[in-house]
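Trainee: I would like to learn how to read empty spaces and annotated sites in a protein model. Could you walk me through it?

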Amino acid sequence: MAKYPSNPLLLVALLCAFAAGGINSLDQNGICKSLVETQGYTCQDHQVTTEDGYILGLQRIPSGRSSNNLTAQKLPVLLQHGLTMDAAAWLINPPDQALAFILADKGFDVWLANARGTQASRGHQSLSTNDPTYWEWTWDQLAAYDLPAFFNYVNNQTGQKVHYVGHSLGTLSVLAALSQQKLSNTLRSAALLSPVAYLGQITTMLGKISAQSHSVDGLYASGIREYPPQGVAGQNLETFLCSQPGVDCSNFMAAVTGPNCCITPTSSNLIFQHIPQSTSTKNMVHLSEMIRRGTITMFDYNFPAINMQHYNQLTPPVYNMASIPKDVPLFLGYGGRDALSDVNDVKALLNDLSDHDKDKLVEQYVEEYAHMDFIMGGNANQKVYDPLLTFFGQH
């Protein structure tokens, strides 16, 4: 099997996919046409513009397959994918196993977010993706601009507060936003699958080596702004990471995410047709900082004078998880074999939330689950989504 590179939160950096011609043609047809309508569901494409000018794609599944009433009295739920993925992450499994379809069939108004830089969200009011300035962002901006834009749009369209489900990086962005008292007027509850806040105790060797070697820092310093990189830079990164002691790139998904227990070969093959989606190299640098330091702060420019220009202080501001409003309903689903959302890091987050209202915090621990089982596991509908639906029903 071919070797593939990785990094702190990357599912699979399929650099060879870019070299062979990029994302599969299914993506070019759009998520609605390729993954939703083919299963018999109604699907709408929407666009959202952020305060800093990014134009983001948003898909809506307004009803289940058996519903005739498209929107009346339905509660909206917004799903946000993880790093180097897009909304396809919620649609890979059959309808009785994929969370987006399950929610639609249970009577929710389902909205699928796509982070800036992904295939559906590469627009901007003034910048092209060929402009390096387009890529000057990290998850700081996802929390500050993208999530509020998505929430406000869905709230305006439906007149309802919004349930939220995030996976991996989609949990970090909402936690950061909540810690800064954002989203309070539009959020109904937040479900965090494979929650990421602290990253200092990840067990994936690929993630550790990538962070400690400053490999993505070198890419950024050389002027490469879109990640994963193409051409020689991508090949060099692959060769370097996969040649390190203790790294086995032949079993890349397990090497990056932990040994997922319950993903079928069919689902694995299909997800490879939609990843890797692009993120910014600067975002990868930011995540690497978190792994090396074990902290949750805004992007560190490493020069006090530059930090002062951006933040009016010498060091980057800290996201204080303990400042998340105590009455926000939170559902945390995490796994015992997750190499990215490590149990010890999740426990550090839960410690920060120790004063949270007890009736507003639900933990769902699945010992045999790794990172991707939460969105692609064939039995996640019973292990995770049934409790999640109960949680939504209580809020």
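Mentor: We will go through cavities, then the pocket, then the annotated site. Keep in mind that this is a predicted model.

Trainee: How do I begin with empty space, and how many cavities of 30 Å³ or more does a search of the whole structure find?

Mentor: Rolling a probe the size of a water molecule over the atoms shows where empty space is left. Here, the search finds 2 cavities of 30 Å³ or more. The largest cavity has a volume of about 150 Å³. It is lined by 20 residues, and the closest to its centre are Gln-80, His-81, Ala-115, Leu-142 and Leu-169.

Trainee: Which element supplies the largest share of that cavity's lining?

Mentor: That is α5, with 4 residues. Both α5 (139-158) and α6 (169-179) supply at least two residues of the lining. Sorted by class, the lining of the largest cavity has 8 nonpolar, 10 polar and 2 charged residues.

Trainee: What is the volume of the largest pocket, and which residues are the closest to its centre?

Mentor: The largest pocket has a volume of about 300 Å³. Its lining is made of 21 residues, and Glu-136, Asp-140, Gln-141, Tyr-145 and Tyr-301 are the closest to its centre. The elements giving two or more residues to this lining are α5 and α13 (304-311). Again α5 has the largest share, here 5 residues. By class, the pocket lining has 10 nonpolar, 5 polar and 6 charged residues.

Trainee: Now the annotated site, please. Where does UniProt place the feature "active site"?

Mentor: An unreviewed UniProt entry places it at Ser-168, Asp-338 and His-371. These residues are spread over 204 residues of sequence, yet they cluster in space, with a largest C-alpha distance of 10.8 Å. Ser-168 is in the loop between β6 (162-167) and α6, while Asp-338 is in the loop between β10 (330-335) and α14 (343-352).

Trainee: Why does Asp-338 count as buried or exposed?

Mentor: Use the cut-off: buried means under 20% relative accessible area. Asp-338 has 3% relative accessibility, so it counts as buried. Ser-168 has a relative accessible area of 2%, so Ser-168 is buried too.

Trainee: Which residues is Asp-338 in contact with, leaving aside its neighbours within four places in sequence?

Mentor: Asp-338 is in contact with Ser-194, Thr-203, Thr-257, Tyr-369, Ala-370 and His-371. His-371 also belongs to the UniProt "active site" feature. With Ser-194, Asp-338 has a polar contact of 3.4 Å between the side chains.

Terms used. Residues numbered from 1 in each chain as written. Predicted model: local features only at pLDDT ≥ 70, side-chain atom pairs only at ≥ 80, totals over all residues. Heavy atoms only, no water. 1 Å grid on protein atoms, 1.4 Å probe; cavity = no way out; pocket = protein on both sides within 12 Å on 5 of 7 lines; lining within 4 Å. Points joined across faces, edges and corners; volume = space filled by probe spheres on them. Nonpolar A, V, L, I, M, F, W, Y, C, P; charged D, E, K, R; others polar. UniProt positions renumbered as here; feature names shortened; annotations may be inferred. Buried < 20%, exposed > 50% of the residue type's maximum accessible area, 1.4 Å probe, protein only. Contact = heavy atoms within 4.5 Å. Polar contact = N/O pair within 3.5 Å; in protein donor to acceptor, adjacent residues only side chain to side chain.
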